[in-house]
Structures are given as structure tokens and as C-alpha cells.
Amino acid sequence: MTSDTPAGRRFRVFNRRRSAPSRARRRLGAAARMLAALALAGGVYTAFAPGAYAEDTRQLSASAQEGKALFDTSCISCHGRNAEGVVGRGPSLIGVGSASVEFQVSTGRMPMARQEAQAEEKQPAFDKAQTKQLGQYIQELGGGPQIPAGPLTENLEEHPEALARGGALFRLNCTSCHGFGGGGGALSSGKFAPGLHDATEQEIYAAMLTGPQNMPVFGDNELTPDEKREIITYIKLQLQQEKDPGGLFNLGRYGPVTEGLAIFIVGITILVFAALWIAGKS
């Protein structure tokens, strides 16, 4: 039957026809095994990572539920449902943490009255308790940085060198925008660095931790929590209590050299004009 006869040729053709469905079945079997493997992998992922799709059913604490009620009435129009953000109105708040919310809300920067180059500080729309509730809601919704509990300044009796270190850190990291005296300064595109004379400890710490507006983020890898407390100590004790190193007049808090130079120039100018006036009268 395998010779080169008409019967043999018919036998070979019959065998080829029988083999074709076998290859198709093998391909279908391979596809079925691949689908089964994908289904198994999906089942394993579902079993070990249920939180990936269970966010909508997350149970909020009582404080966060109060914060959600406030969010839904005052923030949802710009930041969207579940704080996911609205294009052209407001960014997503997932992952910003309670520190960012407490800074923006406690300083009155949020809610914004209108879209501007920068949100300016104004009278807060929420009291401290409501601000905490809003922050707790965002924290439980997506996590993120939090203001630590406890004192945010160093005890100078235990760490007398903290004030000097805080001044060095402030001059290195903060003066380029906020000025040597903490009075703030202008930035590009209508933005500015605000003054620090009225800032609270919590606001300063939250600003360093979250980097609002054009401010860079000083995470714990850039500035440790102790270094942040030293900077706050310097701001509170040196800048906010008007301990001017220049003497009688505040000339940007550059120190006695600047004030001495200014007095010299002004004094020489007065003496020259006085001499010219006396010469003109004689």
C-alpha cells in the first residue's frame, strides 16, 4: 500500500487528511491550557491581593466618616469622588496623606475661591476638629505622610546646640526662597514663597513634609525628623521672636556687618550734604 501505485497514493492522501484534525486539536489543547494557566494565576493573585479591588468597601473610622461628609459637600467638585481628582480643576489626593490636607485647609489655602497661580493664605473655612476629620478621611483613603504626634521643637535644655544647627539648616535649605529673615520672597510666574512669621509648628512641619506649591519635599531622607524640629526651633525662637542679629534696625537680618555698612553710607551722605550746605551759607 506504500508503493507508487494509485492505491498507495490514495492511502497517503487519506493519511494526510486524518492527520490535519489532529494538529488542530493540539492547537486547541494548547490554547485551553494557556487559558487555564491564566485563570489559575488570576485566582492566586485574587486570593493574596484582595485589597487591590476592595477599596470601595473599605470601612472608615468615625472621624474619617465625618471627614468624608465634609469632603462631599465642599471638596468633591474639584477633587472628584473618592478624591481621584478632576481634570482642569483639582489633582488627585490619593497618597498625599493627612499632613498635606491639614496644611492646606488649616491655612485657608483650600478650598480655593478661584484658580490662580498660587493658593494664598486666608481665613480657614473649617475649624481644627473638621480639619483633622478631613485629613483622617484622606489618610484612610490612600495613605501618605502624617504630622507626628508630640512636640515639634527641640528642648534647648536637653539639646542646647539645636538652635545653632537649626539656623545652619535653615540657611542651607530655606533662605533661597524664604529669605534670611523668613519674610518670604517672589518666585517666577506670579508665585511666591510666603513669610514664616505667623506660621505654626504644625504648618512648618507639614510644609517640609509635603512640599506645597513650589516648595520641594523634604522627606525624612533629606531632612530627618530631628533636623526638621531643629529648623522649627530656630524659626520659632530666632525669627518669630524678633531677635534681630543686626542691632536696632532690621536690614534683612544679614547681621551687624550689613547694618554697619548701611549706617556708614547714610552717615557719609548726610555729612557731605551738611558740608555743602554750610559752604553755601558761608
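**Note on two pockets and the helices around them**

1. Asn82 is placed in the loop between H3 and H4, and its phi is near 60°, a positive value in a residue other than glycine. The model is a predicted one, and this backbone angle should be read with that in mind.

2. A second backbone feature is found in the loop between H4 and H5, where Pro111 lies. The peptide bond that joins Met110 to Pro111 is cis, with omega of about 0°. Met110 appears again in the largest pocket, as one of the residues closest to its centre.

3. The largest pocket holds about 810 Å³ of space. Its lining is made up of 35 residues, and those closest to the centre are His79, Pro91, Leu93, Gln104 and Met110. By class, this lining comprises 19 nonpolar, 13 polar and 3 charged residues.

4. As for the elements that build the wall of the largest pocket, helix H2 (62-74), helix H3 (76-79), H4 and helix H5 (128-142) each contribute at least two residues to the lining. The most is given by H4, which supplies 4 residues.

5. The second largest pocket has a volume of about 520 Å³. It is lined by 32 residues, and nearest its centre are His178, Pro194, Leu196, Ala207 and Met215. The lining divides into 19 nonpolar, 9 polar and 4 charged residues.

6. At least two lining residues of the second largest pocket come from each of helix H6 (162-173), helix H7 (175-178), strand S2 (192-193), H8 and helix H9 (225-239). Here H8 gives the most, with 4 residues.

7. Helix H4, the element that gives the most to the lining of the largest pocket, and helix H8, which gives the most to that of the second largest, also pack against each other. H4 spans residues 97-106 and H8 spans residues 201-210, and the two pack at an angle of about 130° with their axes 9 Å apart. The angle is therefore one that makes H4 oblique to H8, and the crossing of the two helices is left-handed.

8. On the H4 side, the contact with H8 is made by Ala99, Ser100, Phe103 and Ser106, while H8 brings Glu203, Ala206, Ala207, Leu209 and Thr210. These residues divide into 5 nonpolar, 3 polar and 1 charged. Ala207, part of this contact, is also among the residues nearest the centre of the second largest pocket.

9. H8 has a further packing partner in H9, with an angle of about 135° between the two helices and their axes 10 Å apart. That angle makes H8 oblique to H9, and the crossing of H8 and H9 is right-handed, whereas that of H4 and H8 is left-handed.

10. The contact of H8 with H9 is made by Glu201, Ile204, Tyr205, Met208 and Leu209 from H8, and by Pro225, Lys228, Ile231, Ile232, Ile235 and Lys236 from H9. By class, there are 8 nonpolar and 3 charged residues in this contact and no polar ones. Leu209 takes part here and also in the contact of H8 with H4.

Definitions and conventions:
Residues numbered from 1 in each chain as written. Predicted model: local features only at pLDDT ≥ 70, side-chain atom pairs only at ≥ 80, totals over all residues. Heavy atoms only, no water. Axes fitted to C-alpha atoms, helices over the stretch in contact; angles between N-to-C directions. Parallel < 35°, antiparallel > 145°, perpendicular 65-115°, else oblique. Left-handed = near helix turned anticlockwise from the far one by under 90°. Contact = heavy atoms within 4.5 Å. Nonpolar A, V, L, I, M, F, W, Y, C, P; charged D, E, K, R; others polar. 1 Å grid on protein atoms, 1.4 Å probe; cavity = no way out; pocket = protein on both sides within 12 Å on 5 of 7 lines; lining within 4 Å. Points joined across faces, edges and corners; volume = space filled by probe spheres on them.
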